[in-house]
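This briefing concerns the architecture of one protein chain. Please consult the sequence and the model displayed below before reading on.

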Amino acid sequence: DEFVAGDFTGDFRNTVFALQLSNVGDWLGYRLHTLVGFSLQRRSFEVVDQDRDTETGSLTFATMHASLN
């Protein structure tokens with residue numbers, strides 16, 4: 001296949017940074033397990049005869065599970 005200027009070649013670089021924190025504690029007779037986290041992703045695409053095209057995305061989450069203590 002022949003590529004022309006501006007075509008995406010199919011190659012890319014991907015970098016991910018992730019952070020997750022957890023906590024366990026008692027509350028009103030329950031045992032609580034709490035998780036919070038954040039993820040940041042950067043993807044850099046190779047383009048013919050141009051600078052790389054870059055995308056950035058992020059994700060955050062929080063979960064809480066309770067069980068009888």
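How much area does the protein chain expose, and what share of it do carbon and sulfur atoms supply? The exposed area of the protein chain is about 5800 Å², with 52% of it supplied by carbon and sulfur atoms. The model is predicted. The protein chain holds three strands and zero helices, and the points below treat its dimensions, its sheet and its strand β3 in turn.

**Overall dimensions and burial**

- The C-alpha trace of the protein chain spans about 65 × 20 × 10 Å along its principal axes.
- The radius of gyration of the protein chain is 21 Å, whereas a compact globule of 69 residues would have a value near 11 Å.
- Buried residues make up 9% of the 69 residues in the protein chain; a residue counts as buried when its relative accessible area is under 20%.
- Among contacts in the protein chain with a separation of 6 or more, 53% join residues that lie 24 or more positions apart.

**Sheet architecture**

- Read from the N terminus, the elements of the protein chain follow the pattern β-β-β.
- The three strands form an open sheet, ordered β1-β2-β3, in which the pairing is antiparallel.
- Strands β1 (8–27) and β3 are the edge strands, each of them pairing on one side only.
- From one strand to the next, the twist averages 10°.
- As a general point, side chains in a regular strand alternate between the two faces of the sheet.

**The β2–β3 hairpin**

- Strand β2 (residues 30–47) runs antiparallel to β3, and the two are joined by 16 bridges.
- One of the residue pairs across these strands is L32 with A66, the latter being the bridge partner in β3.
- Another position in β3, T56, stands opposite R42.
- Five residues lie between the strands of the hairpin of β2 and β3, where D49 takes a positive phi near 55°.

**Exposure of strand β3**

- Why does strand β3 lie largely in the open? Strand β3 covers residues 53–68, and the number buried among its 16 residues is zero, so this strand lies largely in the open.
- Strand β3 is also one of the edge strands and pairs on one side only.

Note on methods
Residues numbered from 1 in each chain as written. Predicted model: local features only at pLDDT ≥ 70, side-chain atom pairs only at ≥ 80, totals over all residues. Heavy atoms only, no water. Buried < 20%, exposed > 50% of the residue type's maximum accessible area, 1.4 Å probe, protein only. Helix = DSSP H or I, 4+ residues; strand = E, 2+ residues; numbered from the N terminus. Pairing = 2+ DSSP bridges. Axes fitted to C-alpha atoms, helices over the stretch in contact; angles between N-to-C directions. Rg over C-alpha atoms; globule rule 2.2 N^0.38 Å. Contact = heavy atoms within 4.5 Å. Areas by Shrake-Rupley, 256 points an atom, 1.4 Å probe, with all protein chains shown as cover.
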